[in-house]
Amino acid sequence: MTEARFDYLRFTIKPEHELPNEPDESGKTPYDHCMSTLKCTLLLGDLFSKMVDCGRCLHYDRRLSYENVSLKVPTPDRYSEQGICLEFSSHGLDYFNSYLDSYGVSFKTWCGMLRALCFRGYAISITRLDYAMDDICRNGENTTISLRRVVNAIQDGNLCCKARVWSDQGDDFRKLFSYKASKKRRNGEELEGLTVQLGARQSEQICRFYDKFTEQKMKGNELPEACTAWTRCEFEYKGGNAMSVFNAYIDYSDKEFAEYMTMFFSNVSIAEKYNYLEEKFTCAYKWLAETDIKSLAAGSYPIMGDTVVANVQEYT
């Protein structure tokens, strides 16, 4: 059974235009107003009151945290330039969803409330958003997302990227993908897991496949009941790509968003529904939908100049 969820969220909020951090007629600075907005409009007051001060952190003056939800604040005089950052880990999102339930608000509605602050003089930046698809197999079921299929596709040349290399095993493999094998002995059992990554760490979009079953056993975590295999496909979005996925999540129905996010595994015909894709992707999807690939001779076929090119290969 394949399950999907957001696995990480980080965003910053600051004034749309730089403002001096000076008090207004009510005695509040822009920083004070932003904190009030987060506490009241975004319903975060109770959560903030439970947070523990963890001291200074990278790039921020203070980090406060509770249940894997972190609030990172600059010095008030740097608020206009740097903004306030909120960060939710996987467990933090689990807690936050239950927190919102107590207010009768869904996570999607809350995200819409966050985006709406753009109409109140704030700049909202989704700096990172992770989306995970878990193929959890019970009692020996067949897998939907298979690491073996991914590796075979890499070795056959059907998937490639310019990712930074993690390992020096196999020159052909290095040129196509980055991968990382991990080993650990736990309770007398030799465990070996594999992670395969498409995309460099500094890019705005990364796709990872990894053996979640082995990872959980390595950490000593409890597995789902009767789980015999667990493969995760995880997309990590940053910058503009993170904002696009965030907007799609708010604007589409749950069914449409699920289709939008599973295009990596689905038929290209559903791509025409979505207007958040860059032009180069829509051009590629259109070409794939309209072209009889089986009739093409081996060679290169320009789709959008030198930016998008289809390479057709033959194997004997």
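How many bridges join strand 6 to strand 10, and do the two run parallel or antiparallel? The count is 11 bridges, and strand 6, residues 122-138, runs antiparallel to strand 10. One pair to look at there is Met133, which stands opposite Cys233 of strand 10.

Before going on: this is a predicted model. I will start with the overall counts, then return to strand 10, then take the salt bridges and one helix.

The chain has 316 residues, and 41% of them count as buried. It holds 11 helices and 12 strands. If you take contacts between residues at least 6 apart in sequence, 56% of those join residues at least 24 apart. The exposed area of the chain is about 17,700 Å², with carbon and sulfur atoms supplying 48% of it.

Back to strand 10. Strand 9 is also joined to strand 10, by 7 bridges, and that pair runs antiparallel. In this pairing Ile206 stands opposite Glu236 of strand 10. As for cover, 9 of the 12 residues of strand 10 are buried, so the strand is largely enclosed by the rest of the structure.

Now the charges. Side chains of opposite charge can pair when their charged atoms come close. Searching the whole structure gives 20 salt bridges. I have picked three.

The one that belongs with strand 10 is Glu236 with Arg208, where the closest N and O atoms are 2.9 Å apart. Glu236 sits in strand 10, residues 227-238, and Arg208 in strand 9, residues 205-211, so this salt bridge ties together parts that are 28 residues apart in sequence. Are these two residues buried or exposed? Glu236 is buried, at 1% relative accessibility, and Arg208 is buried too, with a relative accessible area of 9%. The pair is also part of a network: salt bridges with shared partners connect Arg5, Asp7, Asp94, Arg128, Asp130, Asp134, Arg208, Arg232, Glu234, Glu236 and Lys238.

The second salt bridge is between the side chains of Lys108 and Asp254, at 3.0 Å from N to O. Lys108 is in helix 5, residues 107-116, and Asp254 is in helix 10, residues 254-261, so the pair links parts that are 146 residues apart in sequence. Asp254 is exposed, with a relative accessible area of 56%.

The third is between the side chains of Asp61 and Arg56, 2.9 Å from N to O. Here Arg56 is exposed, at 63% relative accessible area, while Asp61 is partly exposed, at 22%. For Asp61, note that the cut-off for buried is under 20%.

Last, helix 8, which covers residues 212-219. How many of its 8 residues are buried? The number is 6, so the helix is mostly covered. Those buried residues are Lys212, Phe213, Thr214, Glu215, Gln216 and Met218. Both ends of the helix have something to show. At its start, a side-chain oxygen of Asp211 comes to within 3.2 Å of the backbone nitrogen of Phe213. After the helix comes Gly220, with a positive phi near 75 degrees.

To sum up, strand 10 pairs antiparallel with strand 6 and with strand 9. Strand 10 also holds Glu236, the partner of Arg208 in strand 9. That is what I have; the structure is on the screen if anyone wants to go through a pair.

Key: Residues numbered from 1 in each chain as written. Predicted model: local features only at pLDDT ≥ 70, side-chain atom pairs only at ≥ 80, totals over all residues. Heavy atoms only, no water. Salt bridge = Lys/Arg side-chain N within 4 Å of Asp/Glu carboxyl O. Buried < 20%, exposed > 50% of the residue type's maximum accessible area, 1.4 Å probe, protein only. Helix = DSSP H or I, 4+ residues; strand = E, 2+ residues; numbered from the N terminus. Pairing = 2+ DSSP bridges. Contact = heavy atoms within 4.5 Å. Areas by Shrake-Rupley, 256 points an atom, 1.4 Å probe, with all protein chains shown as cover. Polar contact = N/O pair within 3.5 Å; in protein donor to acceptor, adjacent residues only side chain to side chain.
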